[in-house]
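Biologist: I've got this one open on my screen. Could you walk me through it?

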Amino acid sequence: NATTVSPAHSASTASTLITNIAALVTNDPSLGDGTPLGLIQGAAVVIEGDRIAWTGDQSKAPATDNRVDAGGRAVLPGFVDSHSHLVFAGDRTQEFNARMSGRPYSAGGIRTTVAATRAATDEELEANLTRYLAEALRQGTTTFETKSGYGLTTEDESRALRVASRHTAEVTYLGAHIVAPEFAQDPAAYVALVTGEMLDACAPYARWIDVFCEKGAFDGDQARAILTAGTARGLHPRIHANQLSYGPGVRLAVELDAASADHCTHLTEEDIDALANSRTVATLLPGAEFSTRAEWPNARRLLDAGVTVALSTDCNPGSSFTSSVPFCVALAVRDMGMTPDEAVWSATAGGAAALRRTDIGRLTPGAYADLMLLDAPSHVHLAYRPGVPLVTGVWRRGERVL
Ligand code: NIG
Ligand code: FE
């Protein structure tokens, strides 16, 4: 009988029932309405320790130690933001202002942030990161990936990853963001550094390796060499691909079985076919198109071809300075041809797939108890009520943090 708490029953294994949930997104198609969201109406969830212990119709819920009344609101898995750049200093307000009066976005602005990041102390970088993470958490993000890429020296890249690794297991080495300014005349020497000494210093802190495959950054052959070197050191590849122009990035992602090809704004039929016949997730980052006034990626075309799509923020001071997944969900629905159900799936289960994780992004027994309570009767309100702070409760690893 779980209603009495014995002294041996430690807080970490106490069970909590969240009941009176009007709409519960489980992301288990075998539950509820049978759609990919596995939507259950009149639902309850049981959390035990850091995991989901039970999910189902509230009338069948087991007895628990504690009880939370969701008040007829919606509950869904915490967002999995599988693409952000949060280790940086300074901002780029002037560049944004110039862009909003007509200047185009170019990767060159990255240099401004590299200079500010190199000049910052470890404490400043950590304070910035902590602040953006708190912002993201208030908007429902319970897992985030983040990258280096604003250091571009062995020392600065490895400290960025060291700082990031204190806050997440999903850390990505992006020494190949752009060629470091010191190597402008000798890009081959920079690639040698990124695949040599810098990789050695960074690999211990990272799970992933990434490269910005784009004109003005790294071409297909350089990207292949960089990702292959990372793979040889036990890192797993993901790629910034086809953001600003057509190019080889997406096909390279598939060739290397990358977990994710990110941006996917400029895609040929061949790129889409390659993704559809692979395990590589297409991660769409509408905050970048919004903030650079660029053409939207065509999510509908990808979904209709059978590609797995993730939605993330790309939060960074240059191309997409938003930490809000709900904002990205609203953009994807309004402008990229996604239904609200698809966008919510992509921001939760899709993000998990882009990180090759099955223990997050769904509310089924055994998964981490990472979830949010919305001040709304359904998840659809995330797109229907854009800009409204609907997230009213967040549990991370079974602990209520908001
Ligand atoms: O994902 N594309 C490359 N990197 C970032 C932008 C970085 C910046 O402008 O500072 C992105 O959009
Ligand atoms: Fe990015």
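Modeller: Sure. One thing before we start: the domain bounds I'll use come from an automatic or database domain assignment. Also, this is a predicted model.

Biologist: How far apart are the C-alpha centres of domain 1 and domain 2?

Modeller: Domain 1 is made of two stretches, 11–78 and 362–400, while domain 2 runs over 80–354. Take the C-alpha centre of each domain, and the distance between them comes to 30 Å.

Biologist: Which element gives the most to the side of domain 1 that touches domain 2?

Modeller: On that side, 20 residues of domain 1 are in contact with 18 residues of domain 2. Elements giving two or more residues to it are β4 (66–77), α14 (381–384) and β16 (391–396). With three residues, the one that gives the most is β16.

Biologist: And how many residues of that side of domain 1 are nonpolar?

Modeller: Split them by class: three are charged and four are polar. That leaves the nonpolar ones, and they number 13.

Biologist: On to the ligand. How many polar residues are in the shell around ligand 1?

Modeller: There are 13 residues around ligand 1, and I110, F212, N316, G318 and S319 come nearest. By class, the shell has one charged residue and three nonpolar ones. The polar count is nine.

Biologist: UniProt has a "binding site" feature here. What is the largest C-alpha distance among its positions?

Modeller: The unreviewed UniProt entry places that feature at Y150, N316 and G318. They are spread over 169 residues of sequence, yet they cluster in space. Their largest C-alpha distance is 11.2 Å.

Biologist: Is Y150 buried or exposed?

Modeller: Y150 sits in the loop between β7 (146–147) and α4 (154–165). Not counting residues up to four places away in sequence, Y150 touches V87, F88, T113, V114, T117 and A160. The cut-off for burial is 20 or more other C-beta atoms within 10 Å. Y150 has 31 C-beta neighbours inside 10 Å, so it counts as buried.

Biologist: Why does N316 count as it does, buried or exposed?

Modeller: N316 is in a loop too, the one between β14 (309–311) and α12 (325–335). Because N316 has 28 C-beta neighbours inside 10 Å, it counts as buried.

Biologist: Which residues is N316 in contact with, leaving aside its neighbours within four places in sequence?

Modeller: Contact here means C-beta atoms within 7 Å. With those sequence neighbours left aside, the contacts of N316 are H85, F88 and F321.

Key:
Residues numbered from 1 in each chain as written. Chains lettered and ligands numbered in written order. Predicted model: local features only at pLDDT ≥ 70, side-chain atom pairs only at ≥ 80, totals over all residues. Contact = placed C-beta atoms within 7 Å. Helix = DSSP H or I, 4+ residues; strand = E, 2+ residues; numbered from the N terminus. Nonpolar A, V, L, I, M, F, W, Y, C, P; charged D, E, K, R; others polar. Near = placed C-beta within 6 Å. UniProt positions renumbered as here; feature names shortened; annotations may be inferred. Buried ≥ 20, exposed ≤ 12 C-beta atoms within 10 Å, placed from the backbone.
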